[in-house]
Amino acid sequence: MFLINCPYCGERDQQEFKAGGEAHIERPKQPTELSDDEWAEYLFMRKNIKGVQFERWNHAHGCRKWFNMVRDTSNDEIKAIYKMGEKPPSQ
Amino acid sequence: MTKNLRVKSSEYIDETNRISFKFNGKTYHGFKGDTLASALLANDVHLVGRSFKYHRPRGIMTSGSEEPNAIVQINPGNNRTEPNVRATEVEIYEGLEASSQNCWPSVEFDIGGINNFLSPFFPAGFYYKTFMWPASFWEKYEFFIRHSAGLGKSPTSSDPDIYDHRNIHCDVLVVGAGISGILAAKNSAKNNFKTLLVDEKNELGGSTVFENNEFNKINNKTPSEWIKKEIEELKNIKNLEIKTRTSVAAYHQYNYLLARENLTDHLEVKDKTNKIRQRLLKIRAKKVILATGALERPLIFNNNDRPGIMLSSAIKKYSEFYGVACGSKNVFFTNNDSAYESAMSLYNKGINVEAIIDIREQSESKIVKKAKEVGIKIYWSHSIVDTTGYKRLNSISIMKLSNDGTSVTGSKISISCDCLGVAGGWTPAVHLYTQSGNKLKFDEEKKVFLPNQNTSEQISVGSCSGDFKIDEIIKNLNQKLKDTLNINETDLDSIKVEIDHENSKRNIWLLPSDKPLGKTKPFVDYQNDATAKDIKLALREGFRSIEHVKRYTTTGMGTDQGKLGNMHALGIIADTAGVKMGELGTTTFRPPYTPLTFGTIVGRNVGKFFDIFRRTPMNDWHVENKAEFENVGQWKRAWYYPINGETMHQAVQRESKAARESAGILDASTLGKIDIQGSDASEFLNRVYTNAWSKLAIGKCRYGLMLNEDGMVYDDGVTTRLGENHYIMTTTTGGAANVLGKLEDYLQTEWPELDVYLTSVTDHYATASLCGPNSKKILKKIIPDLDLSDENFPHMSFKEANIGSIQCRIMRISFTGEHSYEINVQASYGKDLWKKCMEAGQEFNITPYGTETMHLLRAEKGFIIVGQDTDGTMTPIDLQMDWIVSKKKYDFIGKRSLYRSDTMRVDRKQLVGLLTDDPNIVLEEGAQIVSELNQSPVEMLGHVTSSYFSPNLKKSIALAVVRGGKDMMGKKLFVPMENKNINVTVANPVFYDEKNERLNA
Ligand SMILES: [Zn+2]
C-alpha cells in the first residue's frame, strides 16, 4: 500500500487515490486531421514498462486533483511527484 | 487417571487459579497462564491430532505459532467455534473446549489411519495423479475424503463477536519483544521516537526469560534475571506503546503493516461479551525494526513424527516457563549446543535425562562439559535411525554416523524414552522481511537465509538477522540502532556480556538410516505429510523449481506454511540436485504470517455497514406505502408499489396505464446532478456532448449524449441553462460519479485554460417527476401563480418558482413521452414536495410509479437506457441517434472515433425495435436473435436489450441490438428459446406516439 505525497494535500494512503494510466499523452488538438492509424496511436497505445514509468494519479477521495508520478514498477518506488503542467523530472 | 507432570512452580503460572477445560470431550485441569498445549502436556497428553494424508498420530511439537501438529477446533459446535487454531497459542480459560481436527471418528481411533499402511500408494503428487483420471473416480473418493480429511469446521451461525480496525502512525515499530526488540524499543523511545512494540505472545521477553544457562551472563546476571529488570523498566518509558498478543500478519510496501491484536480470546465467555474480540492494526511506521527471532529446526530422520518427539527448545520452555515436564524419560537429539541447555534445564529440576545423541564428533563448550559431569550419557557421532511407539514414543534406535554423514555403521543401540527433544539449529524468522519486498542471502557457514540489507526505513536485528549468541546480538544491535536512529549513545554501550562459546557445528539435512530411504518415513512437512522421499521423487520426476516441488509435494502448504521444515526441503533438494542452497532460493513467504479470522479482516464492515446504501429524501414515504425496492448503484430506488397483493407485473401494468391516462409521479432524486459554472461553460459542454450548446437560450433544456474518446456512448441526460455562465447537468443514476470524474479529468489535464467549475449537487436536490395528461393541472394547484401555458413554459424549458416558501426549479422535460415536469427542491423539502403533489393529484388518481414502470414507459417511446440498451460498444450511429451528432462542430470527445473504419462498418450491431408475431409473448432480455434456424453453427445476430408487455399498446414490445439491423425494417427473425422458437419482426424502436403529440397535449 503506497504512501503517496499529494502535491496539494501531503502524504496520504494509497486507498484515497485512483491510478489514471500513462502520463504525458496529450489529446491531439486537431483530431479530424489525423489518419486512423495516428488516432489509434493516441487512443489505444499505452506502454507497460517494467521499470521507471510516468503515470497519472488522481486524489479521488481527497482534493480530487490530478497529478503526475514517476514510479519504478519493478519495486514500486515512487521517484517523483509533480503537478499537471509541470515539466517531468529528467531521468 | 492421568499423570501430573507439573514439576515446579513457575512465576508465569498461577497455581492458585485452577482452570478446568475440555479436550475431545474429556475434562482436564490447568492453571491460569497455561496454554492449551502446556496444560495438556501437564496431563501427559501428547496425542492431539492426525496428519493430513496418512492420518498418523501426531503430538505437540513446539511451544509457539510455528506449531504444525497441534491444530485444534476451539469451542466446537457453538457460534464462537474456530478451526485451525494452534494449541500452543491458546491461553486456557474456565470453560474452554477444544477438539482434535482431521480425525474421524476420533483421534484415538481414526479410520484414515489406514492410509498410513497404504502409504506406498500415496507418493508425492498422489492427488494429482489419482484423482485426475478417470474423472468418474473423483466422485467415488469424494465422500471418503471429505469426511476423513478436513481441516476443521467453519461456524454455521453468525459470529457473536465485535471486531475492529485501528490506524496507527508511529516513528518506530518494533516487531518482536525478545531481547533485541526490548532493547531496540527502549532506546528508540528514550530518544523521543514515538515507538510501538508488538509481540504475538502475552508476555514480553521472548526466550530470554527462561535463558538460565549458568555460563551466560549479562551484567553479571543470568539472562533471565537481567531481562526481567529490563521489562520492568519498559513500563515507565514515555513515547512507548506496548501491545502483546499482537501478531504482525503482513508487511507491505512503504512500511505499511497489518497486525492482529487479540483482546478477548484468553477470557472466559462471560467476559467476552460486548467487547472487541480482535482488532486489526493498520500501522504506518517511519522506521521498522524487525526483531522476530528465530525458529528452532527439527532434524529429519526415520519416523521423526511420533507424539513425544518435540523441539528441544519447546521442552525447555515447557519446563522453565510453564513448569511442565514433557516426559519422564527424556532424550535429546542434536547438532548443536542448545540441546545441552534444555537437558540441563530438565536435570536441574530433577527430571530424568537418559541421553543426548549428538551428530557432531565433539563439543568443548562449558555447558557440554557440565552435562558430562552430571552423568548424562552422550553419544557423539550418532544418529537416530528409527523410533517406535504408535500413539506415543517409547524407544529410539541409534547407530554411529559415517564420517561423510551419508550412512550409519556398527551395531544398533535401542534407548527407551517417552520424550525426544530435537535440536537442528535455528532458522531466522525472515517472513516479514521478505514480505516487505527485500531479498535474502544464504549464509553458507550458518546454513541460514538472512536479510540481505538494512535500509534507513527498515532493519533486522537479533536472531532474525542471524545473530544467535547474546554477545553478537548486543554488539550488532547497538551499531544498527545508532545508524538507523542517528544517535551517538545507547544503553547497550555499557552492557557487559560473558558467554559460553559453541565451537563445533555439523549440519546434515537428511539423516541416514540403516534402511533404504524407500523404507523409511523421514517427515519434512509434518502437517502435510511430505517426506524426504517425496521430495526426492519430485526431483526424479523432473521438477526443478523450488516453487514447483513445493506444490507437487505440498511441502510448506499447510496452515503452518512449513515454518519448521522448509529449510530441510531446500537442503535436501540442493544436496540431491547438487546445487548450492543460495542459488536455489526460497519459496515465497506470503502474508499472513499466522492465519487471520475473517472477522479481523472485515472489522466493522458487516451487516448494514457491509456496503453503503443511499436513500432519497422521499424514502420514508415509499417505505410507508409498501414500495418494493431495487438497488441501482448504491441507491435504494422504489421499484414498484404493489397494492392489494398485486404481483410485480400487475402493479407495473396499472402504474403504466395511470401515468399515460391521468397522472403518475416518480422519485427521480437519484439522477446525478452536476452544477457547471464559469465563463467557458458553454464551450465546455460543446466539447463533452455530441450536440451543439452555444445557442441554447437561458431557461432552456437540452438532451445530451456523452461519448468516450473511442466513440462509444458513455452517459446521457438533460442539461439546463440557468444563466449566461451557469448550467445544471443531469446524468444517469449509476454514472454520476464517473461522469464527474471524467469531466474533472478533461478540465484539469487537457483543457486547463477553460474557466469552468464543477460541483456535484446530486444529494442537494430532491426531484419529483410529475407526468401524464393531468400533470399540468396538478402543478397548477401547487403553484397557482406560475403561468404553465405552452407559450410561457414550453416543453424543454425551465422555470424557477416557489411552492409556498420553498424555492424550486422546474424543468418541463419528459422521459415517458407524456407532458411532464421535473420539480427540484432542496433535499430536506423532498418529502414535503412529494406529499403536496400526492395531495394535489388525489382528484386525478395520481399514481406513484417506480423504476420498472419508468423503464416500460420509456421503452414504449424507444428511449435508451445507457447501460441497458448500450454496453460500451454502441456509438450514437449504432443507436440510430444520428440526429444528436453535430456535423458542424469541429471536435467533441469521441468525434474522431466515429469516423474510424471499424465504427463505420455497416454490419455493426444497431438498435432496433422487435415485435413478436404473437403479441402476448414477452421476450427475455438477453435472448439471442438469429435469422436462420437450421444453420449449424447458428449465427448470432444480436440480442434483446429491453422487453416489456405494454399495457398502453396491449402488446409485447422489445428493443434489441441486431447486426445490420438498421436495414432490416420489417424483416422476420427468430428468437430461439429452450423449448420453442419465437417469431419476431424488426420494427421502428419508437412504438408509441411517434410524432410526440402527447408532449404538448
Ligand atoms: Zn490531494
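Me: Where does Lys186(B) sit in this predicted model?
Reply: Look in helix 5 of chain B, residues 179–190. The model is predicted, so that is where the prediction puts Lys186(B).

Me: What makes Lys186(B) count as buried?
Reply: Its relative accessibility is 3%. Buried means under 20%, so Lys186(B) counts as buried.

Me: What does the side chain of Lys186(B) make a polar contact with, and how do you know that it counts as one?
Reply: The partner is the side chain of Glu233(B), at 3.1 Å. The cut-off for such a pair of N or O atoms is within 3.5 Å, and 3.1 Å fits the bill. Lys186(B) also touches Glu230(B), Leu234(B), Ile237(B) and Asp491(B), residues up to four places away in sequence not being counted.

Me: On to the metal. What coordinates the zinc ion?
Reply: Three cysteine sulfurs and one histidine nitrogen: SG of Cys6(A), Cys9(A) and Cys63(A), plus ND1 of His59(A). They sit at 2.0 to 2.3 Å, and a donor has to be within 2.8 Å. Along the chain the spacing reads C-x2-C-x49-H-x3-C.

Me: Why is the arrangement around the zinc ion called tetrahedral?
Reply: Check the angles: the four donor atoms subtend 105 to 116 degrees. Four donors count as tetrahedral if all angles lie between 85 and 135 degrees, so the label holds here.

Me: Which parts does the pair Cys6(A) and His59(A) tie together?
Reply: Cys6(A) belongs to strand 1 (residues 3–6) of chain A, while His59(A) is in the loop between strand 4 (52–58) and strand 5 (66–72), so the pair links parts that are 53 residues apart in sequence. Both Cys6(A) and His59(A) are buried.

Me: How many residues are in the largest nonpolar core?
Reply: 93, and among those with the most contacts inside it are Phe21(B), Leu36(B), Ile179(B) and Tyr318(B). Take Ile179(B): leaving aside neighbours within four places in sequence, its contacts include Ile218(B), Trp226(B), Ile470(B) and Ile474(B). A second, separate core has 42 residues, including Leu173(B), Leu281(B), Leu570(B) and Leu584(B).

Me: What makes helix 9 of chain B largely enclosed?
Reply: Just count: nine of the eleven residues in helix 9 (residues 338–348) are buried, so the rest of the structure largely encloses it. The buried ones include Tyr340(B), Glu341(B), Met344(B) and Leu346(B). Just after the helix, Gly350(B) takes a positive phi of about 80 degrees.

Me: Is Asn644(B) buried or exposed, and how do you know that?
Reply: Exposed, because its relative accessibility is 81% and the bar is over 50%. Asn644(B) is in the loop between strand 32 (635–640) and helix 19 (648–661) of chain B. Its phi is positive, about 50 degrees, although it is not a glycine. Asn84(B), in strand 6 (residues 82–86) of chain B, has a positive phi of about 60 degrees and is not a glycine either.

Me: What makes Asn691(B) buried?
Reply: A relative accessibility of 10%, set against the under 20% cut-off, so Asn691(B) counts as buried. Asn691(B) lies in the loop between helix 20 (681–688) and strand 35 (701–707) of chain B, and its side chain makes a polar contact with that of Trp693(B) at 2.9 Å.

Me: Why is Thr870(B) called buried?
Reply: Its relative accessible area is 4%, and under 20% is what the word requires, so Thr870(B) is buried. Its C-alpha atom is 7.3 Å from that of Val713(B), 157 residues apart along the chain. Val713(B) is also one of the residues in contact with Thr870(B). The Thr870(B) side chain reaches the backbone nitrogen of Gly867(B) at 2.9 Å.

Me: Which peptide bonds are cis?
Reply: One joins Pro591(B) and Pro592(B), with omega about 0 degrees. Another joins Ser936(B) and Pro937(B), with omega about -5 degrees.

Me: Last one: how many residues of chain B are in contact with chain A?
Reply: 27, facing 29 residues of chain A. Between them the chains bury about 2,400 Å², 44% of it on carbon and sulfur atoms. Tyr254(B), Tyr890(B) and Arg896(B) lose the most area in chain B, together 29% of what that side buries.

Technical notes
Residues numbered from 1 in each chain as written. Chains lettered and ligands numbered in written order. Predicted model: local features only at pLDDT ≥ 70, side-chain atom pairs only at ≥ 80, totals over all residues. Heavy atoms only, no water. Donors = N, O, S within 2.8 Å, 3.2 Å for Na, K, Ca; no water. Tetrahedral: all angles 85-135°; square planar, octahedral: opposite > 155°, others 65-115°. Helix = DSSP H or I, 4+ residues; strand = E, 2+ residues; numbered from the N terminus. Buried < 20%, exposed > 50% of the residue type's maximum accessible area, 1.4 Å probe, protein only. Core = buried A, V, L, I, M, F, W, Y, C linked by side-chain atoms within 4.5 Å. Contact = heavy atoms within 4.5 Å. Polar contact = N/O pair within 3.5 Å; in protein donor to acceptor, adjacent residues only side chain to side chain. Buried area = accessible area lost by both parts, 1.4 Å probe.
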